[in-house]
Amino acid sequence: MKKNECYEGEVLSLKFPNKGMVAVDGEEKPVIVKNTLPGQQVRFQAKKTGKAPTGNLLEVLTPSPLENQTPPCSHFEACGGCSYQTMDYENQRNLKLTQVKNLLEAVFPDFPLDDCLASPCEWEYRNKMEFSFGDEYKEGPLSLGLHKRNSFYDIVPVSECQIVDEDFRKILSVTIDFFREKEIPFYHKMRHEGILRHLLVRKAWKTGQILVCLVTTSEWGLSQEGGEDKAGCEILSEYKDTLLGLELNGNYAGILHMENDRLSDVVQSDYTTILYGQDYFYEEILGLSFKVSPFSFFQTNSAGAEVLYELAREYIGDIEGKVVFDLYSGTGTIAQVLAPVAKKVVGVEIVEEAVLAARENAARNGLSNCYFHAGDVLKVIDELQEIPDTMVLDPPREGIHPKAITKILEFGVERIVYISCKPTSLARDLEVFLEYGYRPVKAKCVDMFPWTRGIETIVELERKR
């Protein structure tokens, strides 16, 4: 195989999350070609040769047998948000289950993963979206949407996006129309000039409350030296009134303006102004109420979260009279689901804002046996006075820090429930669990992100006596 030459082959399998293993005539090793599906015949350009050859997909010559439907979303081909809309939902879940099972069985043969539970809502399930301002092509008109597939710069307008509900689509459409009419420029990431950066929208599944956050540079707003920019403030006020004039199924909890001058293309706020209402809303999960702010960690599929947390409650077993550690606790959702039957639940979370929200949520739900600590699990775990009877681990995508995992396992609890949003991190951490005598006894995937590559995996581990 020669670099930059074009080849054809069949995709034999798919490794998580999107690495297609392509068989090419005359080549001993399969070539890794991303964004493919098992069974496809593809044409690609060789990118890297040698022991681990890779290629860039150029064309799908023949669809996979798994591809059995026309993508329901008109934006699918251009948008990078979804990956599996050419497959029906059952094929998609089976593919994800196979990927995760193969990954984990490489570490522990006969890994007890037996199902991928469906999301209660296949469509319009997301409760949070981050849209970007930009242009659909270089020097094109203002656009607002998601990044084009395999592009860092081009923005695809997604006014018909099917994984959010109609309120999101209305807010998105009226926002782009408003700022096009005003001829407000977007922020150019290369030139570091312009105003409009992002639009963050969150909506509670149960209560219907909505937060809209417009993110711009500080050229507009109240934080700059010398006082507010009057022209910008007038436009923001008019934009707020335009949003309030929409007929929505939900209702606004708040409309916010956020200023962000940082170079990284991340949705964040250096300074926030409340244009209307408040900067939070309440969501309900399994009968409990949770305060959600713009940057609170909260599962993006609220209905799916109930499935996931019910399963966690089942896996954790009988905890009456027991102390439970909830490490990487976020806003304390899992801790509070377990608290009514536990003696005590101790949560540890590095994001201080999330810890404050967790404490407030626990008080709001009348739970006096939840205690939350702010700090890195690696450090805080040494300061805790309690000895846990059991643990729940819900780490970030990169998994558990190698030094932290040894401290966690040295407690020697009989049962641990591990919730993972990245199977490759789970597989890596699983090797350490096995070294400490733990064995997986139950596991399921929960599809929190239909039509995308994302998947949650929950595992019950027991210590071998």
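## A walk through the charges, cysteines and patches

By the sulfur-to-sulfur distance rule, the count of disulfides comes to 0. Keep in mind as you click around that this is a predicted model.

**Stop 1: the cysteines.** Select cysteine 79 and look for its closest cysteine sulfur. That sulfur belongs to cysteine 82 and sits 6.5 Å away, too far for a bond. A disulfide would need the two sulfur atoms within 2.5 Å. Switch on a surface and cysteine 79 counts as buried, at 8% relative accessibility. Now jump to cysteine 370, which also counts as buried, with 10% relative accessibility.

**Stop 2: a long-range salt bridge.** The structure holds 22 salt bridges, so there's plenty to look at here, and a good one to pick is lysine 444 with aspartate 114. Their side chains meet at 3.1 Å, N to O. Colour by residue number and you'll see distant parts of the chain linked: lysine 444 belongs to strand E21 (residues 438–446), aspartate 114 to strand E6 (residues 113–117), and the two are 330 residues apart. Which of the partners is buried and which exposed? Lysine 444 is the buried one, with a relative accessible area of 18%, while aspartate 114 is exposed at 54%.

**Stop 3: a loop pinned to a helix.** Next, select aspartate 382 and lysine 407. This is another salt bridge, with the closest N and O atoms 2.5 Å apart. Aspartate 382 is in the loop between helix H7 (377–380) and strand E19 (390–393), and lysine 407 is in helix H8 (residues 402–409), so the bridge ties together parts 25 residues apart in sequence. Aspartate 382 is exposed, with a relative accessible area of 52%; lysine 407 counts as partly exposed, at 26%. While you're on salt bridges, select Arg415, Lys442, Glu460 and Glu462 together: bridges with shared partners join them into one network.

**Stop 4: around residue 190.** Show the side chains of glutamate 193 and arginine 191, which meet in a salt bridge at 3.1 Å, N to O. Glutamate 193 is partly exposed, at 42% relative accessibility, and so is arginine 191, with a relative accessible area of 44%. Then select methionine 190, in the loop between helix H2 (166–182) and strand E10 (196–203). How does methionine 190 count, buried or exposed? Exposed, at 61% relative accessibility. Add Phe152 and Tyr153 to the selection, and you have the nonpolar surface patch that these two make with Met190, about 360 Å² in area.

**Stop 5: a positive patch.** Select Lys15, Lys19, Lys34 and Lys47, and colour them by charge. These lysines form a positive surface patch. Zoom in on lysine 19, which lies in strand E2 (residues 19–23). It is partly exposed, with a relative accessible area of 33%; residues need over 30% to belong to a patch.

**Stop 6: a last helix.** Finish on glutamate 310, in helix H4 (residues 302–316). Its side chain isn't hidden away entirely: glutamate 310 is partly exposed, with a relative accessible area of 38%. Now draw a distance from its C-alpha to that of aspartate 88. How far apart are glutamate 310 and aspartate 88 in sequence and in space? They are 222 residues apart in sequence and 26 Å apart in space.

Notes. Residues numbered from 1 in each chain as written. Predicted model: local features only at pLDDT ≥ 70, side-chain atom pairs only at ≥ 80, totals over all residues. Heavy atoms only, no water. Patch = residues over 30% accessible without salt bridge, like charges linked within 9 Å, V, L, I, M, F, W, Y side chains within 5 Å. Areas by Shrake-Rupley, 256 points an atom, 1.4 Å probe, with all protein chains shown as cover. Salt bridge = Lys/Arg side-chain N within 4 Å of Asp/Glu carboxyl O. Lys, Arg positive; Asp, Glu negative; His and termini not counted. Charge placed at Lys NZ, Arg CZ, Asp CG, Glu CD. Helix = DSSP H or I, 4+ residues; strand = E, 2+ residues; numbered from the N terminus. Buried < 20%, exposed > 50% of the residue type's maximum accessible area, 1.4 Å probe, protein only.
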